[in-house]
Amino acid sequence: PRINKTFKGSDPSWANACVGNNGFTGYWGYANGFSKAANLLINQVLQDQGRTYYVDEFIYPVCFNMRHSVELRLKGAITELLLLEEKRNRKLEFDLVGSHDIGNIWKFFSEKSNLIDNRYININTRLNTTIMDIAEIDATGQTFRYPLDTESKKHLVNVSTISFINLKQNFSELELALDELHALNIYLSEEYFYNTFTKKLSRKNIFEIASKLPNVNQWKE
C-alpha cells in the first residue's frame with residue numbers, strides 16, 4: 001500500500017494530532033478548531049495593525065473559518081435536538097451531510113427548537129441577527145473561499161470594507177451565545193431523560209402551572 005508522507009505522525013509525539021478513530025470527530029470538535037483558528041488570525045492581525053499580516057489578505061481565511069465554525073456548531077446543535085426528540089418518542093429529520101446553506105440550517109433549528117421547548121426562544125433570539133448576517137454575506141461557504149462564484153461573478157461587490165475590530169466583537173459574542181446553546185442542549189437532554197414531561201408540556205411548564213395553582217383544598221372552588 002502507498003505510504004502518505006505528508007499526513008502522518010512523526011517525532012516529537014506532542015506535535016502529533018489525534019484524528020479519525022484516534023481522535024474526537026464530532027461537530028463541536030471540528031467547530032472549535034475553526035473558531036480558534038479564526039480568533040488567532042484576528043488577534044494576530046490586530047496586534048500587528050496590518051503591517052505584516054495584511055487585512056486585505058487575511059480577511060478571507062478569517063471569515064471562512066468563522067462561517068464554517070458556525071455551520072458546524074449549528075449542525076451539532078441539530079444533532080442534539082434530534083436526540084432530544086428521540087427521548088420524546090418523536091422523530092425529526094434533517095440532511096446534515098447535504099445541507100450547507102447556513103440560512104436554511106438556522107431556520108430549521110430555530111423554528112423546530114422553539115416549538116419543542118420555549119427555553120430555546122431567548123437564546124435563539126440572541127443568535128439570530130449575527131447568524132443571519134453570515135447567511136446574507138456567505139450562505140453556502142463560497143464567498144470567502146473563492147474570488148468568483150459558479151457563474152464567474154465576483155464575490156462581495158456590494159461590500160467595500162470589513163472591519164477586523166467589528167468581526168472580533170461580533171464573533172466573540174456569537175461564540176458565547178453558541179456555547180450557552182450547547183449547554184442548554186446538554187441540560188435539556190438530561191432533563192428529558194427522566195420523562196418528566198407530557199405531550200405538550202416540559203417539566204419547566206409543569207412547574208410554572210403548579211406554582212400558579214391555589215392550595216389543593218381550594219381546587220373545588
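**Exercise 1. Classify Asn 195 by accessibility, then place it and examine its backbone.**

Step 1. Asn 195 has a relative accessibility of 53%, so it counts as exposed. The cut-offs, with a 1.4 Å probe and protein chains only, are these: buried is under 20% relative accessible area, exposed is over 50%, and partly exposed is in between.

Step 2. Asn 195 sits in the loop between H5 and H6. Helices here are DSSP runs (H or I, at least four residues), numbered from the N terminus.

Step 3. Phi of Asn 195 is near 60°, a positive value in a residue other than glycine. Most residues other than glycine have a negative phi.

A note on the source: this is a predicted model, in which local features need pLDDT of at least 70, side-chain atom pairs count only at pLDDT 80 or more, and totals for chains, interfaces and linings use all residues. Residues are numbered from 1 along each chain as its sequence is written, and side-chain values use heavy atoms, with hydrogens and water left out.

**Exercise 2. Work out how far the model can be trusted by its own confidence score.**

Step 1. Take the average. The protein chain averages a pLDDT (the predictor's confidence in each residue, from 0 to 100) of 93. A score of at least 70 is reached by 100% of the residues.

Step 2. Take the extremes. Confidence is lowest in helix H6 (residues 203-212), with a mean of 92. Confidence is highest in H4, at 97.

**Exercise 3. Describe the packing of H2 against H3.**

Step 1. Set the geometry. Helix H2 covers residues 55-87 and helix H3 covers residues 102-116. They pack at an angle of about 35°, and their axes are 10 Å apart. Axes are lines fitted to C-alpha atoms, for helices over the stretch in contact, and angles run from 0 to 180 degrees between N-to-C directions.

Step 2. Assign the hand. The crossing of H2 and H3 is left-handed. That is, the near helix is turned anticlockwise from the far one by less than a right angle.

Step 3. List contacts, meaning heavy atoms within 4.5 Å. H2 contributes residues including Val 70, Leu 74, Ile 78 and Leu 81. On the H3 side, Ile 105, Trp 106 and Phe 109 are among them.

Step 4. Sort by class. The contact has 12 nonpolar, one polar and five charged residues. Ala, Val, Leu, Ile, Met, Phe, Trp, Tyr, Cys and Pro count as nonpolar, Asp, Glu, Lys and Arg as charged, and the others, Gly among them, as polar.

**Exercise 4. Which residues have the most contacts inside the largest nonpolar core?**

Step 1. Define the set. A nonpolar core is a set of buried Ala, Val, Leu, Ile, Met, Phe, Trp, Tyr and Cys residues joined through side-chain atoms within 4.5 Å.

Step 2. Read the hubs. The largest core has 42 residues, and Val 70 and Leu 127 have the most contacts inside it.

Step 3. Name the contributors. H1 (27-48), H2, H3, H4 (120-137) and H5 (164-193) each give two or more residues to this core. H2 gives the most, with 12 residues.

Step 4. Follow one hub. Leu 127 touches Trp 106, Leu 174, Ala 177, Leu 178 and Leu 181, not counting residues up to four places away in sequence.

**Exercise 5. Is Gly 103 buried or exposed?**

Step 1. Locate Gly 103: it lies in helix H3.

Step 2. Gly 103 has a relative accessible area of 16%, so it is buried.

Step 3. Check a distance. Gly 103 and Tyr 27 are 76 residues apart in sequence and 18 Å apart in space, C-alpha to C-alpha.

**Exercise 6. Find the unusual backbone at Pro 12 and Leu 156.**

Step 1. The peptide bond from Asp 11 to Pro 12 is cis, with omega near 0°. Pro 12 belongs to the segment before H1. Most peptide bonds are trans.

Step 2. Leu 156 is not a glycine, yet its phi is positive, about 65°. Leu 156 is in the loop between H4 and H5. It is partly exposed, at 22% relative accessible area.

**Exercise 7. Characterise Asn 16.**

Step 1. Asn 16 is in the segment before H1. At 33% relative accessibility, it counts as partly exposed.

Step 2. Asn 16 touches Gly 9 and Ser 10, not counting residues up to four places away in sequence.

Step 3. Asn 16 and Asn 195 are 179 residues apart along the chain, and 43 Å separates their C-alpha atoms.
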